[in-house]
Amino acid sequence: MESWATYGYWGLFLSTFLAGSIIPFSAELLIGILLYQGFPLILLVLVATLGNWLGGYTAFFMGYYTRWDLIEKYFKIKPDKIQSFSWKDKFSMEVLALLCWIPILGSLILISLGLMRSSIIKTGVFMFIGRLGRYFIWALLSLEVIESF
């Protein structure tokens, strides 16, 4: 993780982009390392959020622009089965986009939102808010730990 830190903001952006996509990757420790090195909290949070948000859009667009013929052929899932998911009736698409910061589950939520043709703008706004909150809280906790030493 320290090798990513040598690239500063670019390393943080790339690591959070990967973490936001379908690739399992954790960038939270990098925020703590960069805070320890003296990088400003607000800029770190914004760079991490932007990278993670754009990475999340890759998962969303995987679902949004999918070819149903391939899904039916290889996974044996029909479009009406996706449309009949019971959890989409319990939660609004905005709430689901807000929760997409959750590791692993978030990518599945975003792919599903894409498959259900959720609004690109609304999904993006709520995804950004959720991820901004995640990284802001993580940065504050990291700063608290750093200051306790």
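**Exercise 1.** What is the handedness of the crossing of H3 and H10? Describe how the two helices pack in this predicted model.

Solution.
- Step 1: H3 covers residues 28-36, and H10 covers 120-148.
- Step 2: The axes of H3 and H10 are 9 Å apart, and the packing angle is about 50°.
- Step 3: This angle makes H3 oblique to H10, because roughly parallel would need an angle under 35 degrees and roughly perpendicular one of 65 to 115.
- Step 4: The crossing of H3 and H10 is right-handed.
- Step 5: On the H3 side, the residues that meet H10 are Glu-28, Leu-29, Ile-31, Gly-32, Leu-35 and Tyr-36. Their partners in H10 include Tyr-135, Trp-138, Ala-139 and Leu-143.

**Exercise 2.** Which residues have the most contacts inside the largest nonpolar core? Relate them to the helices.

Solution.
- Step 1: The largest nonpolar core has 14 residues, and Leu-12, Ile-31, Leu-34, Leu-35 and Ala-139 have the most contacts inside it.
- Step 2: At least two residues of this core come from each of H3, H4 (41-64) and H10.
- Step 3: Beyond its neighbours within four places in sequence, Ala-139 is in contact with Ile-31, Leu-35, Leu-41 and Val-45.
- Step 4: A separate second core has 12 residues, among them Tyr-64, Leu-96, Leu-113 and Met-116.

**Exercise 3.** At what angle do H2 and H4 pack, and how far apart are their axes?

Solution.
- Step 1: H2 spans residues 8-20; the angle between H2 and H4 is about 35°, with the axes 7 Å apart.
- Step 2: The crossing of H2 and H4 is right-handed.
- Step 3: H2 contributes Tyr-9, Leu-12, Phe-13, Thr-16, Phe-17, Ala-19 and Gly-20 to the contact, while the H4 residues include Leu-44, Val-47, Ala-48, Gly-51 and Gly-55.

**Exercise 4.** Is Ser-107 buried or exposed? List its surroundings.

Solution.
- Step 1: Ser-107 belongs to helix H9, residues 105-115.
- Step 2: Its relative accessibility is 14%, so Ser-107 counts as buried; the cut-off for buried is under 20%.
- Step 3: Not counting residues up to four places away in sequence, Ser-107 touches Gly-20, Ser-21, Ile-22 and Ala-59.
- Step 4: A polar atom of the Ser-107 side chain lies 3.1 Å from the backbone oxygen of Ser-21.

**Exercise 5.** How many helices and strands does the protein have? Add the overall burial and contact figures.

Solution.
- Step 1: There are 10 helices and 0 strands.
- Step 2: Of 149 residues, 39% count as buried.
- Step 3: Among contacts with a separation of 6 or more, 76% join residues 24 or more positions apart.

Key: Residues numbered from 1 in each chain as written. Predicted model: local features only at pLDDT ≥ 70, side-chain atom pairs only at ≥ 80, totals over all residues. Heavy atoms only, no water. Core = buried A, V, L, I, M, F, W, Y, C linked by side-chain atoms within 4.5 Å. Buried < 20%, exposed > 50% of the residue type's maximum accessible area, 1.4 Å probe, protein only. Helix = DSSP H or I, 4+ residues; strand = E, 2+ residues; numbered from the N terminus. Contact = heavy atoms within 4.5 Å. Polar contact = N/O pair within 3.5 Å; in protein donor to acceptor, adjacent residues only side chain to side chain. Axes fitted to C-alpha atoms, helices over the stretch in contact; angles between N-to-C directions. Parallel < 35°, antiparallel > 145°, perpendicular 65-115°, else oblique. Left-handed = near helix turned anticlockwise from the far one by under 90°.
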